[in-house]
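Please open the model in your viewer and keep the sequence panel at hand. The tour below proceeds by selections, each followed by a description of what is found there.

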Amino acid sequence: MSMPALSVRVARKTFGGLVAVNDVSFDVRQGELLGLIGPNGSGKTTLLNLISGALKPSGGEILLGGQPIGGLAAHHIAQKGVARTFQLVRVLPSLDAEQNVMAGAVFGHRRTWGAEARALARELLHRVGLGGREHVPVSAMTYIDQKRIELARALASDPRVLLLDEWLAGLNPTELQVGISLIDELRREGRTIIMVEHVMDAIRTLCDRCVVMSSGVKIAEGRVEDALSEPEVVRAYLGDEDA
Ligand SMILES: Nc1ncnc2c1ncn2[C@@H]1O[C@H](COP(=O)(O)OP(=O)(O)OP(=O)(O)O)[C@@H](O)[C@H]1O
């Protein structure tokens, strides 16, 4: 079997006395779309933060294509090939759409510059549904369009692993269908993606496998329908309106 795209090995993160990520391990295969799910506060975003370098692990190791990346600075991890979107969108508000996406091309994994970066930014803006809006200031765009910008910026670096943190949250039903199709297209072109998501229909439609967390612990892993029917997962979600 080929080397996993990403391996999380006994990853741990504590905040004072709180164990937000409690010795979690799993692999993400090349070209796989892995769902990372669990009730609110179960540690999903913290785990993405450990992978992207936004937070330093308290223990364990994270390997990108077999190379340790755990604890490196976020910009180093980005250059090595991990790109992400954020639960609360982070764009460069004083720049226009095209400049925001170009930033991903210039500072990311596969670096492109000048005209090449601009052409790539235009192509990606078109792809996420923002064709023709290259020069709109991002601060004048809706939240949903800013999310599209973030995705285009992440793709501009041609990442080895793409992390999506609730990218579908807040979309209306029509936008949701468009968003699911877009992620499906990325999956079909062979991108390796970890997707944190509460929209279960999207997880069921899109994901090859999922990892389920509860209170910082991995409580299940496997094919989505199998994992969701495990008694511990059902218990974890009981009373949670997202289940
Ligand atoms: N910087 C921090 N300092 C202290 N505690 C934190 C910090 N970040 C997260 N936590 C705590 O760690 C736990 C896990 O939070 P996390 O945001 O990772 O959960 P989540 O599964 O992503 O939740 P949600 O689905 O609501 O986004 C929570 O109890 C949260 O309050």
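A residue is called buried here if 20 or more other C-beta atoms lie within 10 Å of its own, exposed if 12 or fewer, and partly exposed in between. With that cut-off in mind, begin at helix 3, residues 97–107, where Ala97, Glu98, Asn100, Val101, Met102, Gly104 and Ala105 are buried. Display strand 6 (82–84), helix 4 (114–127) and helix 5 as well: the buried residues of helix 3 pack against these elements.

**The whole chain**

Zoom out before going further. The model is a predicted one, with an ipTM of 0.97 and a pTM of 0.91. If you colour the chain by pLDDT, the average is 90, and 97% of the residues score at least 70. Where pLDDT is low, the predicted coordinates should not be read in detail.

A cartoon view shows 9 helices and 10 strands. The radius of gyration is 17 Å, close to the 18 Å that the globule rule gives for 243 residues, so the chain is as compact as a globular protein of that length. Along the principal axes, the C-alpha atoms fill a box of roughly 50 × 40 × 40 Å. Of the 243 residues, 43% count as buried. Among contacts with a separation of 6 or more, 66% are between residues 24 or more positions apart.

**The ligand and its shell**

Select the ligand next, and then the residues around it: Phe15, Leu18, Ala20, Gly38, Asn40, Gly41, Ser42, Gly43, Lys44, Thr45, Thr46 and Gln87. Coloured by residue class, this shell divides into 3 nonpolar, 8 polar and 1 charged.

Which elements each supply at least two residues of the shell? They are strand 2 (18–28) and helix 1 (44–52). Helix 1 gives the most, with 3 residues.

**Helix 1**

Keep helix 1 selected and hide the ligand. Lys44, Thr45, Thr46, Leu47, Leu48, Asn49, Leu50, Ile51 and Ser52 are buried in this helix. Why is helix 1 described as largely enclosed by the rest of the structure? The reason is that 9 of its 9 residues are buried. Step just past the end of the helix to Gly53, which takes a positive phi of about 90 degrees.

**The nonpolar core**

Move now to the largest nonpolar core, which has 69 residues. Val101, Ala121, Leu124, Ala152 and Val161 are the residues with the most contacts inside this core. Helix 5 (residues 143–156) contributes the largest share of the core, 6 residues. Centre the view on Ala152 to see its partners: leaving aside residues up to four places away in sequence, Ala152 touches Val101, Leu124, Leu125 and Val128.

**Two positive phi values outside glycine**

Follow the chain on from helix 5 into the loop that leads to strand 7 (161–165), and select Asp158 there. Its phi is near 50 degrees, a positive value in a residue other than glycine. Asp158 has 18 other C-beta atoms within 10 Å and is therefore partly exposed.

Continue to Glu166, in the loop between strand 7 and helix 6 (173–188). Glu166 also is not a glycine, yet has a positive phi of about 50 degrees. With 19 other C-beta atoms within 10 Å, Glu166 is partly exposed.

**Leu206**

Select Leu206 in helix 7 (residues 200–206). Is Leu206 buried or exposed? Leu206 is buried, because 21 other C-beta atoms lie within 10 Å. Not counting residues up to four places away in sequence, Leu206 touches Leu33, Ile180, Ile183, Asp184 and Arg187. A distance from Leu206 to Gly131, 75 residues apart along the chain, gives a C-alpha separation of 25 Å.

**Gly31**

Finish at Gly31, in the loop between strand 2 and strand 3 (33–37). Gly31 has 15 C-beta neighbours inside 10 Å and so counts as partly exposed. Draw a distance to Arg188: the two residues are 157 apart in sequence and 8.4 Å apart in space, C-alpha to C-alpha. Lastly, show Gly190 and Thr192, which Gly31 touches when residues up to four places away in sequence are not counted.

Technical notes
Residues are numbered from 1 along each chain as its sequence is written. This is a predicted model: local features need pLDDT of at least 70, side-chain atom pairs count only at pLDDT 80 or more; totals for chains, interfaces and linings use all residues. A residue is near a molecule or strand if its C-beta atom, placed from the backbone, lies within 6 Å of it. Helices (H or I, at least four residues) and strands (E, at least two) are DSSP runs, numbered from the N terminus. Ala, Val, Leu, Ile, Met, Phe, Trp, Tyr, Cys and Pro count as nonpolar, Asp, Glu, Lys and Arg as charged, and the others, Gly among them, as polar. pLDDT is the predictor's confidence in each residue, from 0 to 100. The radius of gyration is taken over C-alpha atoms; the globule rule is 2.2 Å times the number of residues to the power 0.38. Two residues are in contact if their C-beta atoms, placed from the backbone, lie within 7 Å. A nonpolar core is a set of buried Ala, Val, Leu, Ile, Met, Phe, Trp, Tyr and Cys residues joined through C-beta atoms within 7 Å.
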